[in-house]
Amino acid sequence: MNSKAKSFSFFIAIVAVLASSHFMELPGTYFNCFFDGFSTALSFSIVNRHHHPHHHRDTEDDKAKQSTCDNFIPNFPTVDPSTTSIVCVDRNGCCNFTTVQAAVDSIGNFSAKRSLIWINNGIYFEKVIIPKTKPNITFQGQGYTTTAIVWNDTANSANGTFYSGSVQVFSTNFIAKNLSFMNVAPMPVPGAVGAQAVAIRIAGDEAAFWGCGFFGAQDTLHDDRGRHYFKDCYIQGSIDFIFGNGKSIYENCQLISIASPVAAGVKSINGAVTAHGRATKDENSGFAFVNCTLGGTGRIWLGRAWRPYSTVVFANTFMTDIVSPEGWNDFNDPSRDQTVFYGEYNCSGAGSNMTLRAPYVQRLNDTQALPFLNSSFIDADTWLQSFSS
């Protein structure tokens, strides 16, 4: 099989995996509209895969591609060229690059300018790594339902969960707007060995995500380390689907569990939203969820104490009844009950009832909650730019 045939097979495999997975069982979820939006991109992909570049005469395929690019008018934002450069990615060949990684590689090391990588509608089936040497990069998609970077590594295939991310960010000052990060490895059953599959790993400081989607099952979003900001994002997974040792605030985000439905009267737990990894008292990390919504399927915990000083707060968040009455789990290590910081403040919905919460969970008062309620939690006044900047 030649390289083009392999690439096309991979693309079809994405659709096949998603269509046969538990994702498609959720009515009204993102994947239905996501693939509706990609119908045009898929048709162009099929045309381009049959293109033979060594023919000297124009074929109908050549004409179709040329017509696509003739009508292509990118809606680049207005920027100051003295402070920001723009490169363009389009999978149909109408831009500077056809892959996101090639665009990243083109940026000079330690550039003081912001490098905006404008990514056109489409599925980019590739693994993308942004090294420490390339700070100040922005990924700008055209909407999280129409632009996605997709890969399918697992802990087994990547030699470790930390390396399975479809996108891995090690640089500082990374920004992403209006696109999705997806890992389409098959959804594992709870306890499966080596099936963790990360959509994105964020290991650089001062990263911001606006209107982005994060899709996977176990360990979807690796909020590894550093200060991070998430606004108006859609985050989907099943087990520990937001995990790591970052210090991050999630504002106005949708948190969607895709854990298997649990029959009425059954008390088993098959999912968890967070697994925060603060290991010592001296570390300065934690997750704050503010004005979010939590729903989906399964019976889940709000968090598991991955490390002894795990720190997570939910404030002003609506929770459906998928949240178990005890709410949280100490990773089956009672010694962690004395060191974790799990708090809830002014939440609503059937899942927010704290009557039967685990004894180490805190019902925060106004004073206790205040440090977690806005972007000062991550020192945003010193680094966070506005969405339009």
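Here a biologist and a modeller talk through the disulfides and the sheet of this structure.

Biologist: What should I know about this model before we start?

Modeller: This is a predicted model, where local features need pLDDT of at least 70 and side-chain atom pairs count only at pLDDT 80 or more, while totals for chains, interfaces and linings use all residues. Residues are numbered from 1 along each chain as its sequence is written, and side-chain values use heavy atoms, with hydrogens and water left out.

Biologist: Why is the link of cysteine 69 and cysteine 94 called a disulfide?

Modeller: The term asks for a pair of cysteine sulfur atoms within 2.5 Å. In this pair the sulfur atoms are 2.1 Å apart, so cysteine 69 and cysteine 94 qualify. The angle about the S-S bond is -80°, and the link is left-handed.

Biologist: What does that pair tie together?

Modeller: Cysteine 69 lies in helix α4 (residues 60–70), and cysteine 94 in the loop between β1 (84–89) and α5 (100–105), so the bond joins parts 25 residues apart in sequence. Helices (H or I, at least four residues) and strands (E, at least two) are DSSP runs, numbered from the N terminus.

Biologist: Is cysteine 94 buried or exposed?

Modeller: Buried means under 20% relative accessible area, exposed over 50%, and partly exposed in between (1.4 Å probe, protein chains only). Cysteine 94 has 18%, so it is buried. Cysteine 69 has 22%, so that residue is partly exposed.

Biologist: How many disulfides does the structure hold?

Modeller: There are two. Cysteine 88 and cysteine 95 form a disulfide as well, with sulfur atoms 1.6 Å apart, and both of these residues are buried. With the bonded cysteines numbered in sequence order, the pairing reads 1-3, 2-4.

Biologist: How do you know that cysteine 212 is in no disulfide?

Modeller: The nearest cysteine sulfur, that of cysteine 233, is 5.0 Å away, so the 2.5 Å limit is not met. Cysteine 212 is buried, with a relative accessible area of 0%.

Biologist: What makes β14 and β17 a pair?

Modeller: Two strands pair if DSSP finds at least two bridges between them. Five bridges join β14 (residues 227–231) to β17 (residues 247–251), so they pair, and they run parallel. Among the bridge partners, lysine 231 is matched with glutamate 251 in β17.

Biologist: Which sheet has the order β1-β2-β5-β8-β11-β14-β17-β20-β23-β26-β27?

Modeller: An open sheet of 11 strands, with parallel pairing. Its edge strands are β1 and β27 (361–363), as each pairs on one side only.
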